[in-house]
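Let's take a walk through this fold together, one piece at a time. Keep the structure open beside you and follow along.

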Amino acid sequence: MIKKVPVSQLCIGMYVHDLGASFLDHAFWRSRFLIHNERKLRRLRESKLEWVLIDTSRGVDLPTGGTGAVAAPAPQAAPSVAAPATKAVDDAAPPPATTEQQAFDDAKDIIDGSREQVQQLFVEADLAGKIDLRQIEGLVQDMADSIEGHPDALTSLARIKRADQYLYAHSVAVSALMTALARTLGLSDEQVHLAGMAGLLHDIGKVRDPDEAPGKLGRPVQLAQELQRKHPQSGAEVLRQDPSVPPEVIDVCLHHHERIDGTGFPDGLAGEQISLLARMAAVCNYYDDVTSTRPFKKGWDPAFALFKMLQSSGQFDMDVLGAFVRTVGRYPLGSIISLTNSELGLVVAQNPGMPELPVVKIFYSIRWSHAIPERRVNLADPDCPSRVLPVVAPVDWAQSGLPVPPII
Ligand SMILES: [Fe+2]
């Protein structure tokens with residue numbers, strides 16, 4: 001059922017069906033979304049909106065006695081048995097926490113919509129030679145909200161990309177990683193927002209050549225490399241056309257390929273000559289690049305990628321990389337890890353504060369070389385058999401082509 005509800009009566013777990021006002025009155029990127037955390041609720045209450053329509057078939061209802069004004073039947077007429085929609089919550093009870101499934105659904109919504117929006121922004125930037133930041137302010141805020149509610153959902157789903165949308169999907173993924181990393185580093189809300197914006201725009205200089213595959217259409221490898229080395233400057237030139245683009249965002253675009261030892265490009269900056277946001281972008285950009293499957297390469301397993309990055313020297317700021325590992329987990333969601341009992345487990349959840357001991361879905365026996373009935377094991381559980389532990393050096397199982405069960 002669709003109900004008209006005063007903004008003051010909204011609570012976490014409600015599903016907003018319509019904001020009933022123009023973009024100028026609310027600055028939300030999507031008109032339909034789940035209120036999945038305190039930040040989202042606060043943004044609604046601080047907006048100019050007086051009321052919104054909620055869909056009780058997709059989220060929680062008003063507390064007992066609160067009827068709201070019935071507006072129209074929901075398009076999704078048949079509420080599912082499992083949906084919390086038909087359950088009114090007790091006045092005194094705290095609002096229900098959103099489920100893991102809801103967090104993943106919401107993150108998927110953001111990713112599906114964002115790639116098109118980022119593509120439009122990049123193409124307009126190419127045609128008009130400048131960009132309109134207002135188009136993505138709401139998207140960056142939505143990503144920050146999603147990451148605050150469930151840090152792993154957006155960053156793990158964003159890794160999966162369609163070949164024909166790689167540049168835009170990579171931009172969204174780097175933005176999500178930058179936002180999550182900025183939170184881990186304890187940066188201010190303003191810096192978190194800048195990090196998300198910088199992640200979205202760091203590769204805008206590739207808009208004219210989104211597929212940098214060496215040898216594409218017979219193009220010489222040397223030309224592909226030249227275009228790759230020039231994209232930071234081309235991107236910065238586009239961004240400089242718009243005076244509303246913050247200098248920090250331009251700096252990240254220009255310097256996300258610098259290396260801490262001074263051997264990067266375009267300026268060969270070293271150490272703290274590279275801004276913190278650009279050092280963060282170097283880590284997030286590299287991680288997303290090597291873990292992404294492209295038509296010309298298979299992506300590395302995420303845990304294997306981190307293992308290799310931690311072994312590298314001179315490329316990254318190791319303090320920033322350490323914070324990144326704490327952000328995505330030593331074994332990020334979607335990694336396949338080899339356990340000491342010769343079984344393989346897919347990482348499906350993290351244990352906060354225990355990055356070495358995630359929750360895994362065991363699905364394959366290395367000893368017998370075949371799939372086994374799936375079972376979920378929390379490696380941090382004190383009752384977990386000590387022989388079931390991750391093998392220290394991850395292997396790039398992604399190359400093996402093993403059929404892997406879904407995370408959720
Ligand atoms: Fe780049």
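Start at Leu41, which sits in helix α2, residues 38-46. Keep in mind that you're looking at a predicted model. Is Leu41 buried, exposed or something in between? Its C-beta has 19 others within 10 Å, and since a residue needs 20 or more to count as buried, Leu41 is classed as partly exposed. If you set aside the neighbours within four places in sequence, the contacts of Leu41 are Leu10, Cys11, Ile12 and Ile35. Take Leu10 from that group: 31 residues separate Leu10 from Leu41 along the chain, yet their C-alpha atoms are 7.3 Å apart.

That sort of long-range link shows up in the overall tally too. Among contacts between residues at least 6 apart in sequence, 67% join residues at least 24 apart. The protein has 408 residues, of which 42% count as buried, and its secondary structure comes to 12 helices and nine strands.

Now for the strands at the N-terminal end. Strand β1 covers residues 2-6 and shows two faces: Lys3 and Val5 are on the covered one, while Ile2, Lys4 and Pro6 are on the uncovered one. Five bridges tie β1 to β4 in an antiparallel pairing, and within that pairing Lys3 has Ile54 of β4 as its bridge partner. Ile54 turns up again when you look at strand β2, because Val16 stands opposite Ile54 in β4. β2 and β4 (residues 51-55) run antiparallel and are joined by two bridges. β2 itself spans residues 15-18, and it also pairs with β3 (residues 33-34), again antiparallel and over two bridges. There, Tyr15 faces Leu34 of β3.

Next, the helices. Find α6, residues 166-184, and α7, residues 189-201: their axes lie 7 Å apart, and the packing angle is about 160 degrees. Angles over 145 degrees count as roughly antiparallel, so that is how α6 and α7 are described. The crossing of α6 past α7 is right-handed. On the α6 side, the contact is made by Ser171, Val172, Val174, Ser175, Leu177, Met178, Thr179, Ala182 and Arg183, and on the α7 side by Gln191, Val192, Ala195, Gly196, Ala198, Gly199 and Leu200. Sorted by class, the residues of this contact are nine nonpolar, six polar and one charged.

α6 has another partner in α10. The axes of α6 and α10 come within 9 Å and cross at roughly 130 degrees, and the pair is therefore oblique. This crossing is right-handed as well. From α6 come His170, Ala173, Val174, Leu177, Met178 and Leu181, and they meet Met280, Ala281, Cys284, Asn285, Tyr287 and Asp288 of α10. The class count for the contact of α6 with α10 is nine nonpolar, two polar and one charged. Val174, Leu177 and Met178 are among the α6 residues in the contact with α7 and also among those in the contact with α10.

Helix α9 (residues 247-255) belongs in this part of the picture too. Which of its residues are buried? They are Val249, Val252, Cys253, Leu254 and His255, and these buried residues pack against α7, α8 (221-240) and α10 (276-291). Follow the chain into the loop between α9 and α10 and you'll find Pro266. Look at the peptide bond joining Phe265 and Pro266: it is cis, with omega at about 10 degrees.

Finally, head for the four-stranded sheet. It is open, with the order β6-β7-β8-β9 and antiparallel pairing. β6 (336-338) and β9 (370-378) are the edge strands, each pairing on one side only. From one strand to the next, the twist averages 30 degrees. Inside the sheet, β7 (residues 343-349) and β8 (residues 359-365) pair over six bridges in the antiparallel sense; one of the matches there is Val347 with Val360 of β8.

Two loops of this sheet are worth a look for their backbone. Ser342, in the loop between β6 and β7, has a positive phi of about 65 degrees although it is not a glycine. Ser369, in the loop between β8 and β9, also isn't a glycine, and its phi is positive at about 55 degrees. How do they compare for exposure? Ser342 is partly exposed, with 13 C-beta neighbours inside 10 Å, whereas Ser369 has 7 and is exposed.

Technical notes: Residues are numbered from 1 along each chain as its sequence is written. This is a predicted model: local features need pLDDT of at least 70, side-chain atom pairs count only at pLDDT 80 or more; totals for chains, interfaces and linings use all residues. Axes are lines fitted to C-alpha atoms, for helices over the stretch in contact, and angles run from 0 to 180 degrees between N-to-C directions. Angles under 35 degrees count as roughly parallel, over 145 as roughly antiparallel, 65 to 115 as roughly perpendicular and the rest as oblique. A crossing is left-handed if the near helix is turned anticlockwise from the far one by less than a right angle, and right-handed if clockwise. Two residues are in contact if their C-beta atoms, placed from the backbone, lie within 7 Å. Ala, Val, Leu, Ile, Met, Phe, Trp, Tyr, Cys and Pro count as nonpolar, Asp, Glu, Lys and Arg as charged, and the others, Gly among them, as polar. A residue is buried if 20 or more other C-beta atoms lie within 10 Å of its own, exposed if 12 or fewer, and partly exposed in between; C-beta atoms are placed from the backbone.
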